[in-house]
Amino acid sequence: MAANGWYPDPSGVRGRFRYWDGTEWSEQTTTDPASAPPPKAAAPIKSGGAGNLTWLIALGVLAVVTVVVVALVLRGTGGIVGGHPAQEDSNSSTPTVSAWDETSTPTPTPPPIQSGGQMIGCPVATNTATTKQVSGKLTADTLTVNTISGWMADSMWLAPIYDLHAQTDEVYYGWMSNIAVGLLSNADGFVEISTSAEQLMECFASSGYYIDFTGRDDIIPGEQISISGHAAWRIESDIYVSGQQVEGDVCDIIVVDLGGDKDHLGIFFSSYSIGDTARGAKVDAAIASLAVTG
C-alpha cells in the first residue's frame, strides 16, 4: 500500500493533485503537492479513464518537491514516479527489469489507477544539457535524426531522459504521433544499450504512460544495429489501449552508444498509431536517417 501523500489526480486533470490517506482518496485537491494534508478524507475517487492521451508527468514528493507537469506526446495521462525499483507489470509480454534505485529516499508508488495494468517506476534524469538545434534536424549531443516535414517541434519532458528534442503530429485531440532524441545518463543506471532500451520500453508500456493500457506485443524484441558505426539496440512494440479511437501505438526505442568518452547514451524514440501506414512510413524514414556525428 502506498504511503500517505499528494499524488497526480487519477481523474487525469493536468496539474491537479489529490491526497491518498492510505485507504481512500480525498475530496479536496491542490496544485501544490507540498501543501499540508486535508483535514479529513472523503469518499474514494475512482479513475475517470479521461481519455486525454496527452502525457501528464509529475515528479513525486522527494526531500525537496519539484513538480513538472508537461503535456507529452505518448499516449495517456499518468504520474511518472522516479527513484524506486520497477514493479512487475503483469500485462507486459516481457518481465520487468529490476534494480532501478537511483536515490537514497525512494518516492512511494501511488495506488494503481484502474487502467488494466500497473504503473512502472522509472528513474528521473539527474543530468541537464541543451544541444543547439539546427534546421531540419533533431539533435542530442552527437545523435541526430531528420525532422519530418509538417510535424511540429514540441517541448517534451520524459522522466529518465534529458536534452530531449521532439516533433509531434496530432492524430486527433489528445492523441499524437512523435519522434524524439535525447540522452540517458550513466549516473542514472543507463550504462548498457540493450538493458537501457528494455527499461525505457517498460516505462512506455505501462498504465503510467498509457491510460487504459491493456498489453504489449514486441515486433522487434531486441536487436543490435549500427548507427554510423556505433553500436545501438532497437526494440519495437505494439502497445495496446482500450476505450480510444485507436487500437494503440507502434513504439520504437533505439539506444545508441555514443562513445567510451561519454557519460551518457543516446536515445531515439517514436510512436504512431497502429495501422497508420502513412505516419508509419514517415517515422521509418526518420529512423533510416539516424546518425552519430563527430
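This is a short chat about a predicted protein model, with a look at strand 10 and its partners.

Student: Hi! How many helices and strands does the protein have?
Tutor: Hello! In this predicted model, there are two helices and 15 strands.

Student: And what share of the residues is buried?
Tutor: Of the 294 residues in the protein, 55% are buried.

Student: What about the surface, how much area does the protein expose?
Tutor: About 11800 Å² is exposed, and 52% of that comes from carbon and sulfur atoms.

Student: Let's pick one strand. Why is strand 10 largely enclosed by the rest of the structure?
Tutor: Strand 10 covers residues 175–185, and ten of its eleven residues are buried, so the rest of the structure largely encloses it. Buried here means under 20% relative accessible area.

Student: Which way do strand 9 and strand 10 run, parallel or antiparallel?
Tutor: They run antiparallel, with eight bridges joining strand 10 to strand 9, residues 162–172. Tyr-172 stands opposite Trp-175 in that pairing.

Student: What sits between those two strands?
Tutor: Two residues do, and the strands form a hairpin. In the turn you'll find Gly-174, with a positive phi of about 90°.

Student: How many bridges join strand 10 to strand 14?
Tutor: Eight, and this pair is antiparallel; strand 14 spans residues 264–273. Look for Val-181, which stands opposite Phe-268 in strand 14.

Student: Back to the whole protein: what part of the contacts with a separation of 6 or more is between residues 24 or more positions apart?
Tutor: Such residues account for 59% of those contacts.

Note on methods: Residues numbered from 1 in each chain as written. Predicted model: local features only at pLDDT ≥ 70, side-chain atom pairs only at ≥ 80, totals over all residues. Heavy atoms only, no water. Helix = DSSP H or I, 4+ residues; strand = E, 2+ residues; numbered from the N terminus. Buried < 20%, exposed > 50% of the residue type's maximum accessible area, 1.4 Å probe, protein only. Contact = heavy atoms within 4.5 Å. Areas by Shrake-Rupley, 256 points an atom, 1.4 Å probe, with all protein chains shown as cover. Pairing = 2+ DSSP bridges.
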